[in-house]
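Reader: I have a structure open on my screen and would like a friendly walk through it. Could we take it one question at a time?

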Amino acid sequence: MSDLKNDRYLKALLKQPVDMTPVWMMRQAGRYLPEYREVRSQAGDFMSLCKNAELACEVTLQPLRRYELDAAILFSDILTIPDAMGLGLYFEAGEGPKFERPISSKADIKKIPNFDPNVELQYVMNAVSTIRKNLQGDVPLIGFSGSPWTLATYMIEGGSSKAFTKIKKMAFSEPQTLHLLLDKLADSVTTYLNAQIAAGAQSVMVFDTWGGVLSPAAYKEFSLQYMHKIVDGLTREADGRKVPVTLFTKNGGMWLEAIAATGCDAVGLDWTINIEDAKARVGDKVALQGNMDPSMLYAPAERIEQEVQTILKGFGNGSGHVFNLGHGIHLDVPPENAKVFIDAVHKFSKPYHQ
Ligand code: CP3
């Protein structure tokens, strides 16, 4: 069994007793930190940073030096899978991720090569094992992937999108073509996450950033079904410990019961739902992660502390809550405000765990 100095993040995901509520932040390593921008400029472009295990480890650890975070998250990106599938990922300044060869037909999908995560994505596994070693058991390491639906939006739209017209056209006019792609992606995500677990990830999270743009029926058919398949195929134990799985659908508040029914350990919440209501609906089944509006970090310290207390009170007594933002931290947030947030979670949560 791996010795962890601080395992309250893993315990809370399994609803085991903790001394205070654990906290981490989505996108905690990134451009809001001057020390990240420094390393990023050394590395050149973003993917070179992801592919250099030493530098990826360095930026993973940066936020842990500043803040008393209860978990580290692998520094990488969800788009490594489509890149390994040969779509040619690149980042255009100010425009986000793009693909040179997006998917537009059944023939394109049939041409996607099978890949071995320990070969084509070996750089990710190197980053995982390097980070795990350098953490020296201080806190657990989270591995992650995008959901099949979210990955498919980038692969079919060719980059970021607002209306998702191309993928929805495929979903509603040629559903079997999209299912072929989603099924392939579900298998790839499963082997990718299992490889991360074998390399040292102690918990995994699936980011379904765009599931919330679907109707309830389409969400179940095109997104949730495939996350369910992933949950079924994951390694759930390593090093003599459970490896908890968190599913996060942004804007998925309407579907918490269905998400919880997949057999995941925890459901990630964005800020558009009260955690108290979420707990009443699914709190007997799963742990909850979230859910402060990331824009609250622009507020004065007292307002941030007040919001933390409101959310802690909403969840109430006992374990099963991992505090987080409802989505990634914004890149122009003052780093000292993130410290106010993290310290407040620890300071104000102790009475709920007595
Ligand atoms: O949370 C963490 O600290 C771990 C690192 C992480 C990154 N991306 C680093 C990153 C994680 C978990 C992701 C996931 C990711 N990537 C998602 C899902 C999470 C979510 O927010 O819902 C999505 C949709 C992506 C795709 C992607 N990659 C986008 C939209 C961007 C931003 C592009 C831009 O220019 O703003 C990226 C690039 C990216 N991924 C950056 C970081 C730190 C910024 C790159 C830089 O340094 O320029």
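The questions and answers below go through this predicted model, from its sheet to its loops.

Reader: Let's start with the open sheet of seven strands; in what order do the strands come?

Author: Happy to begin there. The pairing in this open sheet is parallel. Its edge strands, each pairing on one side only, are E1 (72-73) and E11 (321-325). Going across, the order is E1-E4-E5-E8-E9-E10-E11.

Reader: Which residue of E11 is the bridge partner of Gly290?

Author: E10 and E11 pair in the parallel sense, over five bridges. Within E11, the partner that bridges to Gly290 is Phe323.

Reader: What is the omega of the peptide bond from Gly290 to Asn291?

Author: Asn291 belongs to strand E10, residues 287-292. As a background note, most peptide bonds are trans. The bond from Gly290 to Asn291 is cis, and its omega is near -5 degrees.

Reader: Helix H14 lies across E10 and E11; at what angle does it run to E10?

Author: H14 covers residues 301-315. Angles over 145 degrees count as roughly antiparallel. H14 runs to E10 at about 155 degrees.

Reader: And which strands does helix H11 lie across?

Author: H11 spans residues 216-233, and its direction is at about 165 degrees to E5. The strands it lies across are E5 and E8 (245-249).

Reader: Is Phe207 buried or exposed?

Author: Phe207 sits in strand E5, residues 203-208. A residue needs 20 or more other C-beta atoms within 10 Å to pass as buried. Phe207 has 22 of them within 10 Å, so its class is buried.

Reader: Which residues is Phe207 in contact with, leaving aside its neighbours within four places in sequence?

Author: Phe207 meets residues from several parts of the chain, so let me split the list in two. One part is Ile78 and Phe248. The other part is Phe144, Gly146, Ser147 and Thr150.

Reader: Which residues come nearest to the ligand?

Author: There are 24 residues around the ligand. By class, this shell has 11 nonpolar, eight polar and five charged residues. The nearest are Ala29, Gly30, Gly96, Phe207 and Thr209.

Reader: Which elements give two or more residues to the shell around the ligand?

Author: Two strands meet that count. They are E3 and E4 (141-146).

Reader: How do strands E2 and E3 pair, and which residue of their hairpin takes a positive phi?

Author: E2 (residues 89-92) and E3 (residues 96-99) pair in the antiparallel sense over four bridges. Glu92 is placed opposite Gly96 of E3. The hairpin has three residues between the strands, and the one with a positive phi, near 80 degrees, is Gly94.

Reader: What separates the C-alpha atoms of Phe207 and Gly94?

Author: Along the chain these two residues are 113 residues apart. In space, their C-alpha atoms are separated by 22 Å.

Reader: How are helices H8 and H9 oriented to each other?

Author: In general, two packed helices are described by the angle and the distance between their axes. The axes of H8 (residues 148-157) and H9 (residues 165-173) come within 8 Å and cross at roughly 110 degrees. Angles of 65 to 115 degrees form one class, and H8 and H9 are therefore roughly perpendicular.

Reader: Which residues make that contact of H8 and H9?

Author: On H8 they are Ala152, Thr153, Ile156 and Glu157. By class, the contact has four nonpolar, one polar and two charged residues. On H9 they are Lys166, Ile167 and Met170.

Reader: What phi does Phe164 have, in the loop between H8 and H9?

Author: Phe164 counts as partly exposed, with 17 C-beta neighbours inside 10 Å. In general, most residues other than glycine have a negative phi. Phe164 is not a glycine, yet its phi is positive, about 55 degrees.

Reader: Where is Asp239 found?

Author: Asp239 is not a glycine either, and has a positive phi of about 55 degrees. With 13 C-beta neighbours inside 10 Å, it counts as partly exposed. Its place is the loop between E6 (237-238) and E7 (241-242).

Reader: Last one: what does Leu14 touch, not counting residues up to four places away in sequence?

Author: Leu14 lies in the loop between H1 (8-13) and H2 (34-43). With 16 other C-beta atoms within 10 Å, Leu14 is partly exposed. The residues that Leu14 touches are Lys242, Pro244 and Asp265.

Technical notes. Residues are numbered from 1 along each chain as its sequence is written. This is a predicted model: local features need pLDDT of at least 70, side-chain atom pairs count only at pLDDT 80 or more; totals for chains, interfaces and linings use all residues. Axes are lines fitted to C-alpha atoms, for helices over the stretch in contact, and angles run from 0 to 180 degrees between N-to-C directions. Angles under 35 degrees count as roughly parallel, over 145 as roughly antiparallel, 65 to 115 as roughly perpendicular and the rest as oblique. Two residues are in contact if their C-beta atoms, placed from the backbone, lie within 7 Å. Ala, Val, Leu, Ile, Met, Phe, Trp, Tyr, Cys and Pro count as nonpolar, Asp, Glu, Lys and Arg as charged, and the others, Gly among them, as polar. Two strands pair if DSSP finds at least two bridges between them. A residue is buried if 20 or more other C-beta atoms lie within 10 Å of its own, exposed if 12 or fewer, and partly exposed in between; C-beta atoms are placed from the backbone. A residue is near a molecule or strand if its C-beta atom, placed from the backbone, lies within 6 Å of it.
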